[in-house]
Amino acid sequence: MNERPTVHWTEGTGERSARWRSESGARPPRRIVVADDRTTADAAYKLACEGTALLWRGDFHGARQMLAALTRRVDRKARTARRPGAARGRARATAPATGPAAAPSGGPPAAESCGGPSAAAAFHRHRARQAQRARILGMLLVPLEGDHTVPLRRAPDVVAACEEAYGPPDGEPALVSLRELLGLIGAHEWHRTGVPVPALGGDRVHPCYGVFSPARGEYVDLVAEAPLPPGGTESAFDVGTGTGVLAAVLARRGVRHVTGTDQDPRALECARENLRRLGVTGAVRVVRADLFPEGRAPLVVCNPPWLPARPSSSVEQAVYDPGSRMLRGFLAGLPAHLEPGGEGWLVLSDLAEHLGLRGREELLGWIDEAGLRVLGRITTRPRHPRASDPDDPLHAARAAEVTSLWRLAAA
């Protein structure tokens with residue numbers, strides 16, 4: 001039974017309806033009006049801010065231009081809100097206050113102490129702004145026919161991109177956010193062209209929609225360069241394999257039997273496809289499991305989501321780990337899955353520490369509680385552009401970030 005909700009709107013003199021599609025889990029809009037190339041950006045922005053969605057019936061490129069115009073307006077308002085002077089003006093207009101709670105609601109994180117309560121507050125404000133931005137920009141909708149085609153002038157062929165995200169066509173017309181559809185198109189291109197991985201000699205990994213891409217290669221390099229433990233060339237587990245990139249790196253390093261696990265069907269299919277492309281299926285098997293496979297191994301690797309926060313969509317589950325569930329589950333279960341003398345490799349950024357979301361002592365406490373000890377730590381600095389972008393709202397934390405491979409053993 002199709003459980004996707006139905007949305008209704010008036011068009012011309014009749015009532016219309018269609019299924020609502022949203023991979024991000026966005027709620028269907030309560031009110032929809034028809035828009036086209038005659039609609040002004042200011043009018044569209046006002047409606048979107050009020051919670052009214054706009055169903056585009058004009059040219060597809062006109063829809064993209066409208067989305068760009070809405071994006072400029074949203075970002076301009078966000079930049080204005082982040083100006084310290086504007087924030088202080090709003091504070092004076094309300095009630096006087098002191099302490100961290102009185103910090104300007106849009107103040108730039110770079111001006112706040114890295115890792116303290118103000119850094120955590122800045123992160124949560126940033127997430128709230130991101131959610132509001134996504135909500136407003138998600139109000140521009142396009143129709144999708146039951147065969148995954150877009151019935152607009154100059155619309156691109158999106159059938160393959162939609163099939164990767166939604167599955168085969170079901171014959172039912174739907175409405176979808178243009179922003180999501182463009183994301184599907186971009187993900188399809190990433191999947192088609194792949195991401196070069198230096199640790200694999202430049203061979204490419206092809207991320208699927210909804211599966212975390214290894215675009216940040218520094219964590220892959222750590223696994224490629226760390227010395228293997230005794231017996232490490234015999235077998236290894238890759239917990240939370242995702243695209244399968246770390247399992248492939250281990251196989252290329254000579255590990256004869258690698259078991260990659262994941263519980264996301266998309267990730268399992270993606271990993272198997274990549275391992276076939278890379279020619280390592282003889283050394284790697286992929287199984288569905290919540291964390292660990294059965295048995296023990298001399299090497300167990302895990303790269304869990306780095307930030308203890310709630311994801312707002314399925315795509316964000318590789319980045320946000322509510323309550324550090326996966327991290328804590330890996331640590332707690334590791335001793336039972338390590339062979340005597342074996343090592344667990346925890347690949348983890350300290351961005352959460354700089355954002356005030358998790359302390360180093362908290363992490364060390366979980367390691368100790370699990371009956372583990374730290375053998376050593378190999379570190380590297382991130383190379384992604386946001387780490388050196390002073391305009392990034394979280395620049396202070398990103399500039400201080402270090403990614404580590406923690407070598408753990410049973411105590």
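## The six-stranded sheet

In this predicted model, six strands form an open sheet of mixed pairing, ordered β1-β2-β6-β5-β4-β3. Because β1 (6-11) and β3 (31-35) stand at the edges and each has a single partner strand, one side of each is left without a neighbour in the sheet. On average, and with direction ignored, neighbouring strands of this sheet are turned by 40 degrees against each other.

Within this sheet, strand β2 (residues 14-21) pairs with strand β6 (residues 174-177) in the parallel sense over three bridges, and Arg21 has Val176 in β6 as its bridge partner. Helix α6 (residues 178-193) packs on the sheet, where it touches β2, β5 (140-144) and β6, and its direction makes about 80 degrees with that of β6. Helix α1 (residues 41-49), in turn, lies across β3 and β4 (52-56) and runs at about 135 degrees to β4.

## The seven-stranded sheet

Seven strands form an open sheet in the order β11-β10-β9-β12-β13-β15-β14, with mixed pairing. Here β11 (284-288) and β14 (372-380) stand at the edges, each with a single partner strand, so one side of each is left without a neighbour in the sheet. Neighbouring strands of this sheet are turned by 20 degrees against each other on average, direction ignored.

Strands β9 (residues 235-239) and β12 (residues 297-302) pair in the parallel sense over three bridges, and the bridge partner of Val239 in β12 is Cys302.

## Helices on the seven-stranded sheet

Helix α7 (residues 218-225) packs on the sheet by touching β12, β13 (338-349), β14 and β15 (403-410), and its direction makes about 40 degrees with that of β15. Helix α9 (residues 265-278) also packs on the sheet, touching β10 (257-262) and β11, and its direction makes about 170 degrees with that of β11.

Methods:
Residues are numbered from 1 along each chain as its sequence is written. This is a predicted model: local features need pLDDT of at least 70, side-chain atom pairs count only at pLDDT 80 or more; totals for chains, interfaces and linings use all residues. Side-chain values use heavy atoms; hydrogens and water are left out. Two strands pair if DSSP finds at least two bridges between them. Helices (H or I, at least four residues) and strands (E, at least two) are DSSP runs, numbered from the N terminus. Axes are lines fitted to C-alpha atoms, for helices over the stretch in contact, and angles run from 0 to 180 degrees between N-to-C directions. Contact means heavy atoms within 4.5 Å.
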